[in-house]
Amino acid sequence: MVDLPRTIFSEEHEMFRDQVRRFLEVEVVPYHDEWERQGIVPRELWRKAGAQGFLCPLIPVEYGGAGADFGFSAVLIEELARVNATALGFTLHSDVMAPYILRYGTEALKRAYLPKLASGELIGALAMTEPGIGSDLKAMRATARRDGDHYVINGSKTFITNGQNSGLVILAVKTDPNAGRKGISLIVVEDGTPGFTKGRNLQKIGLHGQDTAELFFDDMRVPVGNRLGEENKGFYYLLTELAQERLVVGVRAAASIEAMLERTIAYTRERKAFDQSVFDFQNTRFKLADAKAQSVMLRSFVDTCLGLHLKGQLTPELAAMVKLKGAELQGAVLDELLQLHGGYGYMSEYVIGRAWVDARVMRIYAGSSEIMREIIARTL
Ligand SMILES: Cc1cc2nc3c(=O)[nH]c(=O)nc-3n(C[C@H](O)[C@H](O)[C@H](O)COP(=O)(O)OP(=O)(O)OC[C@H]3O[C@@H](n4cnc5c(N)ncnc54)[C@H](O)[C@@H]3O)c2cc1C
């Protein structure tokens, strides 16, 4: 047996996978290059995905979602990774941003926003990072000052995924600027609120189709009712929810390695050099054998973490490990696979080159590899 049997997914998950695959083949793959040139995905595509039930699968039916388990999210993440459809910021929207509203929002916020997020009418973003801070969130400077039944928000955020397209942003701000991590709150903000402006679409070395923006807040007034959960508990909420975001990175990494390995095997079998296929060089077969063994090893760990998460038992430490090892392995393996493509590996029209450059950020966002090591090291 070459691959481990997967026990995570049911027949329903696999039927959902077929639907996602068809959607990606028809609605995404043919247009992905164009979106990469434009630096953004048309909002219409989001609405199409929403209509098919591909946004916010975790959100309960009463709020417009599918009321599904995280296995359905994992299927989506895997299928997006398989075709390297990195332009779509669906995961951040569905599995990172929307769950905060579900878990910590008032009934009014849930009713107002979750159905629109599930349909794609609103695109979600989560804004924590600022120009001066990223890893050290407790040092953030954006503030929300209480004024009657409103907050007055000032500050700026950067590197925000879905930033240009976003209709709804969860903002992390200081409600008590002197209290460090105990002074952070999460507040939901609609695009178009006076005082809220979006900066340029940031130019990145990869993820070219994904819009990433700076956001500015200048005396922006937001009702106190838009706060998620309790005042000054935001840091705790972020810590709680980050485990799922980190698992997402592991799930994507494992699927990306598998798909790119498959493509590389096919390419090297086809490509000839020195009167033989590139595949038949011992170096190639050994590199591919290493990649295969690493891929199976990662798959085993990712599926174990997925299984734990489905039972609500994934700890922050295991989530840090799956994020760390997934991202690092993806970077290392894709680099070797690109090498086996020679010059074509460096050409943008070959998926391997784009997957390689897109993967670089996995070691940086959702907490850098160094922060993951810190989290793990604290448990030793
Ligand atoms: C494409 C992209 C999309 C993003 N999307 C979002 C988003 O949607 N929302 C959002 O809020 N943010 C987003 N980010 C921001 C991302 O989460 C941060 O870039 C990341 O957390 C690192 O923060 P930083 O860039 O400020 O780096 P810094 O905190 O300045 O760290 C720089 C480097 O210093 C080292 N370092 C830092 N702290 C430690 C430590 N304790 N121990 C050892 N070494 C350390 C690490 O090597 C680290 O990479 C995105 C970033 C990118 C590139």
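A residue counts as near the ligand if one of its heavy atoms lies within 4 Å of it. Keep that in mind as you look through these close-ups, which come from a predicted model.

**Figure 1. The ligand and the residues around it.** Let's start with the ligand, which has 19 residues surrounding it. The closest are L126, T129, S135, F159 and T161. What kinds of residue make up this shell: nonpolar, polar or charged? Twelve are nonpolar, five are polar and two are charged. Both domain 2 (125-232) and domain 3 (236-377) take part, as each of them gives at least three residues to the shell.

**Figure 2. Polar atoms beside the ligand's oxygen atoms.** Zoom in now on individual atoms. In S135, a polar side-chain atom lies 2.6 Å from an oxygen atom of the ligand. M128 uses its backbone instead: one of its backbone N or O atoms is 2.8 Å from a ligand oxygen atom. For G134, a backbone N or O atom lies 3.1 Å from an oxygen atom of the ligand. How much of the ligand does the protein bury? Taken alone, the ligand exposes 970 Å², and the protein buries 65% of that. Three elements give two or more residues to the shell around the ligand, namely β1 (124-127), β3 (150-161) and α11 (369-377). The largest share, three residues, comes from β3.

**Figure 3. N162, in the loop that follows strand β3.** Here you can find N162 in the loop between β3 and β4 (168-174). Take a look at its backbone: phi of N162 is near 65°, a positive value in a residue other than glycine. Is N162 buried or exposed? With a relative accessible area of 0%, N162 is buried.

**Figure 4. A366 and S368, in the loop between two helices.** This view shows the loop between α10 (351-359) and α11, where S368 is found. A366 has its place in the loop between α10 and α11 too. The phi angle of A366 is positive, at about 60°, although A366 is not a glycine. A366 is buried, with a relative accessible area of 11%. S368 is buried as well, and its relative accessible area is 14%. Which residues does S368 touch, if we leave out those up to four places away in sequence? They are K323 and R363.

**Figure 5. Y63 and its contacts from farther along the chain.** Y63 sits in the loop between α3 (43-51) and α4 (70-82). Why does Y63 count as buried? Its relative accessible area is 5%, and buried means under 20%. Leaving aside neighbours within four places in sequence, Y63 is in contact with L102, E107, K110, R111, L114 and P115. There is also a nice example of folding to find here: Y63 and Y113 are 50 residues apart in sequence, and their C-alpha atoms are 8.5 Å apart in space.

**Figure 6. A49, a buried residue of helix α3.** Follow helix α3 until you reach A49, which lies in it. A49 counts as buried, at 0% relative accessibility. What does A49 touch, not counting residues up to four places away in sequence? Its partners are F23, F54, L55 and F90. For a sense of scale, try finding G367 as well: A49 and G367 are 318 residues apart in sequence and 28 Å apart in space, C-alpha to C-alpha.

**Figure 7. T284, a buried residue of helix α8.** T284 lies in helix α8, which covers residues 282-310. At 3% relative accessibility, T284 counts as buried. Not counting residues up to four places away in sequence, T284 touches T268, V278, F279 and L340.

**Figure 8. Where domain 1 meets domain 3.** To finish, step back to the domains. The domain assignment of the protein chain gives domain 1 (11-122), domain 2 (125-232) and domain 3 (236-377). How many residues of domain 1 are in contact with domain 3? There are 21 of them, and they are in contact with 23 residues of domain 3. The centres of domain 1 and domain 3, taken over C-alpha atoms, are separated by 22 Å.

Key
Residues numbered from 1 in each chain as written. Predicted model: local features only at pLDDT ≥ 70, side-chain atom pairs only at ≥ 80, totals over all residues. Heavy atoms only, no water. Polar contact = N/O pair within 3.5 Å; in protein donor to acceptor, adjacent residues only side chain to side chain. Areas by Shrake-Rupley, 256 points an atom, 1.4 Å probe, with all protein chains shown as cover. Helix = DSSP H or I, 4+ residues; strand = E, 2+ residues; numbered from the N terminus. Nonpolar A, V, L, I, M, F, W, Y, C, P; charged D, E, K, R; others polar. Domains from an automatic or database assignment. Buried < 20%, exposed > 50% of the residue type's maximum accessible area, 1.4 Å probe, protein only. Contact = heavy atoms within 4.5 Å.
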